[in-house]
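Reader: Please pick one part of this structure and walk me through it closely. I'm in my first year, and plain words would help a lot.

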Amino acid sequence: MPSETGATRAYAGYEYQLLVSLWVALVLLFEEECAEQLELEPASQEDIEVDLGVPSERASAMIEVTQRMILQVKLHSSSPWSVSD
């Protein structure tokens with residue numbers, strides 16, 4: 001079993017962020033088809049930013065709607081980090 005050091009926990013969080021980012025990208029780009037690109041680790045220092053566009057053929061009105069979605073990904077652990085971590 002790997003040690004539960006701060007570095008191990010930090011890497012687990014980083015790995016989780018990568019998996020979530022990939023999942024979000026696949027869903028938004030290919031399943032929902034509501035984005036053309038996705039930015040990981042943007043200048044805002046969030047984890048993921050994406051402009052969500054609704055194509056006119058899927059919109060309920062005759063306009064194209066675009067909104068920015070900003071995601072922060074965190075791995076939930078069983079206990080908070082301590083100073084010793």
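Author: One bit of vocabulary comes up again and again: a residue is called buried under 20% relative accessible area, exposed over 50%, and partly exposed in between, using a 1.4 Å probe and protein chains only. What you see is a predicted model, where local features need pLDDT of at least 70 and side-chain atom pairs count only at pLDDT 80 or more, while totals for chains, interfaces and linings use all residues. Residues are numbered from 1 along each chain as its sequence is written, and side-chain values use heavy atoms, leaving out hydrogens and water.

Let's zoom in on strand S2, residues 48-54. Helices (H or I, at least four residues) and strands (E, at least two) are DSSP runs, numbered from the N terminus.

We can walk in through the loop between strand S1 (38-40) and S2, where Glu41 sits. The phi of Glu41 is positive, near 50°, and Glu41 isn't a glycine. With a relative accessible area of 48%, Glu41 counts as partly exposed. Gln45 belongs to the loop between S1 and S2 too, and its phi is also positive, at about 70°, again in a residue that is not a glycine. Gln45 counts as exposed because its relative accessible area is 68%.

Now step onto Ile48. Contact here means heavy atoms within 4.5 Å. Skipping neighbours within four places in sequence, Ile48 touches Ser21, Val24, Leu38, Glu39, Leu40, Pro42, Met69, Ile70, Leu71 and Val73.

Ile48 also belongs to the largest nonpolar core, whose eight residues are Val20, Val24, Leu28, Cys34, Ala35, Ile48, Val50 and Val73. S2 and helix H1 are the elements that give two or more residues to this core, and H1 has the largest share, with three. (A nonpolar core is a set of buried Ala, Val, Leu, Ile, Met, Phe, Trp, Tyr and Cys residues joined through side-chain atoms within 4.5 Å.) In soluble globular proteins, nonpolar side chains tend to be buried together.

A quick detour to H1, then. The buried residues of H1 are Gly6, Gln17, Val20, Ser21, Val24, Ala25, Val27 and Leu28. Tyr14, also in H1 (residues 6-31), is partly exposed at 46% relative accessible area. Right after H1 comes Glu33, with a positive phi near 50°.

Back on S2, there's some charge to look at. A salt bridge is a side-chain nitrogen of Lys or Arg within 4 Å of a carboxyl oxygen of Asp or Glu, and the whole structure has two. In one, the side chains of Glu49 and Arg68 meet at 2.5 Å, N to O. That pair ties together distant parts of the chain: Glu49 is in S2 and Arg68 in strand S3 (residues 65-71), 19 residues apart. In the other, Arg68 pairs with Asp51, with the closest N and O atoms 3.1 Å apart. Asp51 is in S2, 17 residues from Arg68 in S3.

Put together, Glu49, Asp51 and Arg68 form a salt-bridge network. How covered up are they? Glu49 is buried, with a relative accessible area of 9%. Arg68 is partly exposed at 47% relative accessibility, and Asp51 is partly exposed at 37%.
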